[in-house]
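I opened this one to see what I could look up in a single sitting. My notes are below, in the order I took them.

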Amino acid sequence: MSKDQSSFFNDVYDVVRLIPEGRVTSYGAIAKYLSIGRAARMVGWAMNAAHGQDPPVPAQRVVNRNGLLTGKHHFESPYTMQELLESEGIKIENDQIINFKNHFWDPNTELTL
DNA sequence: AAGGTGACAGTTT
DNA sequence: TAAACTGCCACCT
């Protein structure tokens, strides 16, 4: 990944960076916001390249629809994601966000419409 | 150029 | 009820 100016990746990063601190969202919500419909997989794929991005992308705030930290393994350390979220006031147990729905932040609802 | 991949989601068996 | 399958779309080899 050298010169990925792909609007898609950049767009995903932009949305993720808009996630307020202490909030989390799902891949599907981002996908829908990007008009890619159910291609939530692509969001995850985009996050795969989110490492080393500047400004940094709070990928820890992006989890699957179950509130499960599926991508924790992609961080520097499997515990990094959880620690970051806990640092923002989000409680996590067994890699799952507690009261996920309460912390859920939907770009379609919070940003647009 | 074609096929395979991927940090998901929704539907059906 | 839980488990399995398919659909999704862009990126990579």
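These entries go from the DNA contacts to helix packing, then to a salt bridge and some backbone oddities.

**Entry 1: who sits by the DNA**
I kept in mind that this is a predicted model. I started with DNA strand B and found 18 residues around it. Arg41, Met42, Met47, Arg65 and Gly71 come closest. Which helix gives the most to this surface? I got helix 3, with seven residues. I put helix 3 at residues 40-48, and helix 2, at 27-33, also supplies at least two residues here.

I then sorted the surface by class and got seven nonpolar, nine polar and two charged residues. On the DNA side, I looked at the atoms of strand B within 4 Å of the protein: 51% belong to sugar or phosphate, and the rest to bases.

**Entry 2: polar contacts to DNA strand B**
What does Met47 reach with a polar backbone atom? I found a base nitrogen of DNA strand B, 2.8 Å away. Arg65 goes to a phosphate oxygen of the strand instead, and I noted that a backbone N or O atom does this, at 2.8 Å. His74 uses its side chain: I read 3.2 Å from an N or O atom there to a phosphate oxygen of DNA strand B.

**Entry 3: helix 1 against helix 3**
Next I checked how helix 3 packs on helix 1, which covers residues 7-17. I got an angle of about 90 degrees, with the axes 9 Å apart. An angle from 65 to 115 degrees counts as roughly perpendicular, so I logged helix 1 and helix 3 that way.

Which residues meet in this contact? From helix 1 I listed Phe8, Phe9, Val12, Tyr13 and Val16. From helix 3 I listed Met42, Val43, Trp45, Ala46 and Met47. I split the contact by class and got ten nonpolar residues, no polar and no charged. Met42 and Met47 were already in my notes as being among the closest residues to DNA strand B.

**Entry 4: salt bridges**
I counted three salt bridges. I followed up one of them, where the side chains of Arg61 and Glu21 meet at 4.0 Å, N to O. Where in the chain are the two partners? I placed Arg61 in the loop between helix 3 and strand 2, and Glu21 in the loop between helix 1 and strand 1. That pair links distant parts of the chain, 40 residues apart.

**Entry 5: backbone oddities**
I found a cis peptide bond between Asp54 and Pro55, with omega about 0 degrees. Pro55 is in the loop between helix 3 and strand 2. I also flagged Ser35, which has a positive phi of about 65 degrees although it is not a glycine. I located Ser35 in the loop between helix 2 and helix 3.

Key: Residues numbered from 1 in each chain as written. Chains lettered and ligands numbered in written order. Predicted model: local features only at pLDDT ≥ 70, side-chain atom pairs only at ≥ 80, totals over all residues. Heavy atoms only, no water. Near = heavy atom within 4 Å. Polar contact = N/O pair within 3.5 Å; in protein donor to acceptor, adjacent residues only side chain to side chain. Helix = DSSP H or I, 4+ residues; strand = E, 2+ residues; numbered from the N terminus. Nonpolar A, V, L, I, M, F, W, Y, C, P; charged D, E, K, R; others polar. Axes fitted to C-alpha atoms, helices over the stretch in contact; angles between N-to-C directions. Parallel < 35°, antiparallel > 145°, perpendicular 65-115°, else oblique. Contact = heavy atoms within 4.5 Å.
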